[in-house]
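Biologist: I would like to go through this model term by term. For each label, tell me what rule stands behind it.

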Amino acid sequence: MPVERVKTDRVPLLEARNIKRYFPFKNGLFAKVNGWIKSVDDVSFTIHSGETFGLVGESGCGKSTTAKLVLLIYELTGGSLYFEGKNIAQYSYAERQAYRASIQPVLQDPTGSLNPRLRIRNIISEPLTVSHGLNRRQVNERIAEVLTAVGLRPEHAKFFPHEFSGGQRQRIAIARALSTNPKLIILDEPISSLDVSIRAQVMNLLVGLQQKFDLSYLLIAHDLAVILHMSSKVGVMYVGRIIESAPSMDLYEHAAHPYTKALFAAAFPNYSENSEVLTLPGEVASPLHPPPGCRFHPRCPKAMAICKEIEPALKEIGQAHVVACHLYEGAMQTGTSGKPIRQDGAPVLGRVDYKQEGF
Amino acid sequence: MRDSGVKVRDIQNKEKRSSVEMNDALLRVTDLKTYFFLRRGIVKSVNGVSFSLKKGEILGLVGESACGKTVTGLSILRLVPDPPGKIVGGHVYFEGQDLLTKSEEEMRRLRGYKITMIQQNPDSSLNPVFRIGDQVSEAIATCQEIDKKERWEKAIEMLHLVRIASPGLRALEYPHQMSGGMRQRVAGAIALSCEANLLIADEPTTSLDVTTQLEYLKLLGEIQRKTGVAIVFITHDFGIVERICDRIAVMYAGRIVETGPTTYVTKKPIHPYTMALLDSVPKPGSKGDLLRSIEGQPPDPVNLPENCAFAPRCSRADTRCLNELPEETVIDSQRSVRCFHAG
């Protein structure tokens, strides 16, 4: 389902159009394929240069798979990725290598992502030796440069990862990502493994580096507070799909999807005071057997009969604000929606416009 | 859905309870010291912790990793791995008796009966090769001498209490057939199966998804009101203690640095560490602003000097902080703080 994109003059740095990734589910004799796990199912987003796009969702919703698709770790099952206006599928080998150098990951756990047997110098220079034809002196200069940029000292290059604290290790992972001079950095839960008192330091560092080097971020996290703080635009994922996407402040002020509201209620204890308390029954649906209709309906406090049958498409309900929910069906076109009838027959208040709902 | 069970208690209750005298304390920990004797030195995980808990109260023990909050919980149950750990000082009074002087046999009878625990990871507290129902009824057998059939029925009742749908059928399943949230609720059913008076919940929500966390907290609050169990809630997340706890104790490097009623500690903290910690959390609308971060790192727990452990990272620290250990100062009847420059 194509989403109408925001019209901008600029070519986006990265554009994902309806990307998909299915994994075969095998069991039984001869590992017969018994089904497909639709980890990422029809996801679209754009990242402009200098911008941060935040992907938020719970475990298993496909946000890390999305990151791996962008990093070309996984092949796309469907859809396409455009980098600076060009389809990645049409890249030559050399262009693909150049693309890989201009997107770099920072992963959740720096203890796992830094090789314990390598010195910091070798860890940071590894991406450089693959992608840049630099001589030894230039490499050393680059190492000193990126270490200074992340708030460490050039002398640290001769140490091993275990000699650093968790926060410092994450700084090293960031330095490694910076070494190839990337345009886009994929931040996959960059602070969730860090101590509470260290998190703010790393967030400040990331925001500072973005301004300094004009970086773009694809930020993946489960904590909405972090996402809101760092992103200009946010996509909320649930079981393989983006169910709501909006500029971050717009999302906070006018969250539309019941799932987004529940995430806000979980992230901010005071959020529920200005609207209804939303705790969700049950658990995140399995991507192997997603529920028919809207994937969220078994947990949704506002589920209607239609939600069990028809999957809602993304609809624009505000400036760059899209939501996939039957409550907002036709909100833009007509200004009114028919009164949906709940399963128990009780009429639900018609939702005219999300802004009038009294958030 | 409108039931705000998450904000568990009402203020009336709180006032009633705070007027109860100190003698009524269910649990009173005084100057507890638990050290770990390692080759590279002594780790003073718990270094003079004192607090008390009244019947039916929920106390949040908040701190970063390695601040000693879990070891405090384990010390109450006397489950500190020995060697290398050892409780070297202090008292743990539970219902007026000092647990640290009890024999191992007496402790064994208390654990899982009067005092129970919920661990962070439900998989570590459930046996993968036994059915859920058997595991719950095994826990019931520790406190009630009833026959197998009755125990099974009681187990199903417990599963119903923690809101497992169709508990009769679910009792026949194995842990791997349940989701993480359900497993954690089963662990809760086991912990509460003997109508314990004290529950030590060690990060019970950390392994759960964010929306499942909220549901679990709500359930825990409801069960607490139903059974009147007192809870020591160990967590690193201020967002969670705010929702469920009556009082908060903030720990740093083996010591409690600030205690007080939840609203005071989260809204008007007086210890610089608590203030800085609360300040460093991003708030909506703070986008792009520099967060007020705490510089430096938590101290190396080995061979800690006898001064204020937070001093090297504190904006208010002076020479006195670097040389002396501040005593615990009582601010009013409910709050206390360990700082020379509190307020």
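Modeller: In chain A, 4 strands make an open sheet in the order 2-1-4-5, with antiparallel pairing. This is a predicted model, in which local features need pLDDT of at least 70, side-chain atom pairs count only at pLDDT 80 or more, and totals for chains, interfaces and linings use all residues. Residues are numbered from 1 along each chain as its sequence is written, while chains are lettered from A and ligands numbered from 1 in the order in which they are written.

Biologist: Why are strand 2 and strand 5 of chain A called edge strands?

Modeller: Strand 2 (32-47) and strand 5 (86-87) of chain A each pair on one side only. Strands are DSSP runs of E with at least two residues, helices are runs of H or I with at least four, and both are numbered from the N terminus.

Biologist: What makes strand 1 and strand 2 of chain A a pair?

Modeller: Two strands pair if DSSP finds at least two bridges between them. Strand 1 (residues 14-27) and strand 2 of chain A are joined by 12 bridges and run antiparallel, so by that rule they pair. One of the bridges sets Lys20(A) against Asp41(A) in strand 2 of chain A.

Biologist: How do you know that strand 4 and strand 5 of chain B pair?

Modeller: There are 2 bridges between strand 4 (residues 85-94) and strand 5 of chain B, which run antiparallel; the rule asks for at least two, so the pair counts. Tyr93(B) stands opposite Asp98(B) in strand 5 of chain B. The open sheet there has 4 strands in the order 2-1-4-5, with strand 2 (41-54) and strand 5 (97-98) of chain B at the edges.

Biologist: What makes helix 5 of chain B roughly parallel to helix 8 of chain B?

Modeller: Their axes come within 8 Å and cross at roughly 25 degrees, helix 5 being residues 132-141 and helix 8 residues 180-191 of chain B. Axes are lines fitted to C-alpha atoms, for helices over the stretch in contact, and angles run from 0 to 180 degrees between N-to-C directions. Angles under 35 degrees count as roughly parallel, over 145 as roughly antiparallel, 65 to 115 as roughly perpendicular and the rest as oblique. The crossing angle therefore makes the two helices roughly parallel.

Biologist: Which residues make that contact, and how do they divide by class?

Modeller: Helix 5 of chain B gives Ile132(B), Gln135(B), Val136(B) and Ala139(B), and helix 8 of chain B gives Val186(B), Ala189(B) and Ile190(B). Contact means C-beta atoms, placed from the backbone, within 7 Å. The division is 6 nonpolar, 1 polar and no charged, where Ala, Val, Leu, Ile, Met, Phe, Trp, Tyr, Cys and Pro are nonpolar, Asp, Glu, Lys and Arg charged, and the others, Gly among them, polar.

Biologist: How many residues touch between the chains?

Modeller: 35 residues of chain B are in contact with 37 residues of chain A. On the chain B side, the largest share, 7 residues, comes from helix 9 of chain B. By class, that side has 12 nonpolar, 14 polar and 9 charged residues.

Biologist: How confident is the predictor in chain A?

Modeller: pLDDT is the predictor's confidence in each residue, from 0 to 100. The mean for chain A is 83, and 87% of its residues reach 70 or more. Over residues 332-359 of chain A the pLDDT stays under 50.

Terms used: Two residues are in contact if their C-beta atoms, placed from the backbone, lie within 7 Å.
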